[in-house]
Amino acid sequence: MNAAVDVKGWCPGALRPMPSGDGLIVRIRPSCGALSLEQADVLAELARSLGNGHIDLTRRANLQLRGLSEERLPELHHELGRLALLDGDAATEARRNIMVSPLAGLDRAESFDVRPIAAALDRALVSDKFLQALPAKFGFIVDGGGPLSISGERADIALVATGETMAFGLDTPSGMAWLGSLAPDRAIAVALVAARAFVAGAGAGRMRDDVSRVEPAVRPLLRPLHAEPTAGSRRLGLLPTAVGIAAPFGRLEAAQLHRVVRLGRQAGAADLRLSPWRSFYIGVRDATLLEGARSAGLIVDEHEPLLRIEACPGAPACRASTVDTRGDARRLAALAQAWSGRIHVSGCAKKCACSDRTDLTLIGEAGRYRVGQRLVDPIDLDSFIDMPVHG
Ligand code: SF4
């Protein structure tokens with residue numbers, strides 16, 4: 001096995017895949033979180049022909065192809081290069097962590113189109129040699145505001161459009177601190193000042209570990225902020241300028257992606273936008289696309305019970321798991337129709353799928369689930385869900 005593939009404890013990339021129970025995981029980071037429908041269609045084909053057909057929607061608005069083998073990587077890299085989805089090296093791709101509001105440039109409720117700012121930041125992160133020292137998980141948000149604003153998501157540095165200016169935020173232990181505002185044409189320069197100050201200071205960990213080293217460098221560059229950004233939320237179904245589609249547990253199958261791409265093309269859409277909510281958006285308001293996504297097994301209704309359950313891939317896809325998390329999560333969703341709480345089914349104590357607190361957490365352990373102090377057999381989940389004791 002390739003030495004690079006053997007390393008663990010980092011996020012996978014296209015050039016540095018991560019081994020898992022079902023083969024290699026390859027993460028694709030499209031620029032500005034958007035894939036042209038052509039790119040999305042070819043990725044679906046690559047997932048089917050080179051992987052096992054499973055595609056993950058990640059919480060950082062990227063895509064992961066699963067089940068690849070090391071022998072097929074050169075073929076995959078060739079195709080990704082042809083699609084302009086391959087970086088020059090693994091360090092560069094790890095640095096390009098920018099999440100963009102999914103309806104940027106589409107939703108008239110947003111203050112302005114932030115995609116040019118996100119694209120310029122992306123280019124700066126690739127070309128700035130000093131920033132090569134940024135930790136791999138260091139991330140940015142560039143957001144247009146509006147109902148689908150992602151300003152409530154966690155990132156080290158945030159730029160959010162508010163009227164004609166942008167709010168500037170740095171992550172702290174208690175969440176985002178909105179330090180001030182700036183003109184949009186100053187946004188990249190100030191974000192890079194903050195990133196460089198981080199590298200020159202701590203240079204490791206995350207912004208929230210020691211924001212005081214960075215704040216003095218940016219405060220003098222900011223104007224007073226009159227109103228903090230308002231976080232938006234996931235919306236699904238027929239929206240004014242798009243169709244919002246979620247995948248159960250963030251797992252999309254190649255055939256499902258092919259189908260929505262074909263329907264999106266027929267409806268005249270240009271691209272597919274990824275979000276951190278395990279959902280994506282196709283920028284056209286079209287009922288045929290909506291019904292096609294629904295009949296393909298995707299979620300277009302915000303009230304779908306599966307959306308209240310987080311479940312990691314579990315066994316057999318992840319070697320750390322002894323339980324079929326997603327199979328059991330689907331059973332729980334059917335059993336818990338009248339239950340309004342959020343559930344997390346995790347294959348092991350690492351809890352990759354969800355770091356938030358949930359109303360019920362089940363953690364796989366030697367073929368059973370630990371719930372608080374108790375161990376429950378998967379077969380007994382049917383009776384367990386009726387019990388009032390949840391941890
Ligand atoms: S929580 Fe455990 S079992 Fe689930 S994906 Fe993460 S490491 Fe694997």
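Helix α9 lies across strands β11, β12 (243-246) and β15 (279-282), running at about 5° to β12. Here two residues count as in contact if their C-beta atoms, placed from the backbone, lie within 7 Å. Angles run from 0 to 180 degrees between N-to-C directions, and axes are lines fitted to C-alpha atoms, for helices over the stretch in contact. The elements themselves are DSSP runs numbered from the N terminus, with helices being H or I of at least four residues and strands being E of at least two. This is a predicted model, in which local features need pLDDT of at least 70 and side-chain atom pairs count only at pLDDT 80 or more, while totals for chains, interfaces and linings use all residues. Residues are numbered from 1 along each chain as its sequence is written.

The strands under α9 belong to an open sheet of five, ordered β3-β14-β15-β12-β11 and paired antiparallel; strands pair if DSSP finds at least two bridges between them. At the edges sit β3 (34-36) and β11 (237-238), each pairing on one side only. Three bridges hold β3 against β14 (residues 271-274) in the antiparallel sense, and Ser-36 stands opposite Asp-271 of β14.

Helix α9 (residues 287-295) also packs against α8 (residues 254-266), at an angle of about 170° and with the axes 9 Å apart. That makes the two helices roughly antiparallel, a label used for angles over 145 degrees (under 35 is roughly parallel, 65 to 115 roughly perpendicular, and the rest oblique). On the α8 side the contact involves Arg-259, Val-260, Leu-263 and Gly-264, and on the α9 side Thr-288, Leu-289, Gly-292 and Ala-293. These split into four nonpolar, three polar and one charged. In this scheme Ala, Val, Leu, Ile, Met, Phe, Trp, Tyr, Cys and Pro are nonpolar, Asp, Glu, Lys and Arg are charged, and the others, Gly among them, are polar.

As for the overall layout, the protein divides into domain 1 (3-88), domain 2 (111-144 + 151-221), domain 3 (237-295) and domain 4 (305-384), with bounds from an automatic or database domain assignment. The C-alpha centres of domains 3 and 4 lie 27 Å apart.

A second open sheet of five strands runs β16-β17-β18-β19-β20, this one with mixed pairing. Its edge strands are β16 and β20 (374-376), each of which pairs on one side only, and the twist averages 25° from one strand to the next. β16 and β17 (residues 343-346) run parallel, joined by three bridges, with Ala-311 opposite Val-345 of β17.

Now to the ligand. Around it are Cys-312, Pro-313, Gly-314, Cys-318, Ala-320, Ser-321, Ser-346, Gly-347, Cys-348, Lys-350, Lys-351 and Cys-352, where a residue is near a molecule or strand if its C-beta atom, placed from the backbone, lies within 6 Å of it. This shell comprises six nonpolar, four polar and two charged residues.

Two backbone details round things off. Most residues other than glycine have a negative phi, and most peptide bonds are trans. Ala-315 and Pro-316, however, are joined by a cis peptide bond with omega of about 5°, and Pro-316 is in the loop between β16 (309-311) and α10 (325-335). Ala-84 has a positive phi, near 60°, and lies in the loop between α3 (73-82) and α4 (90-95).
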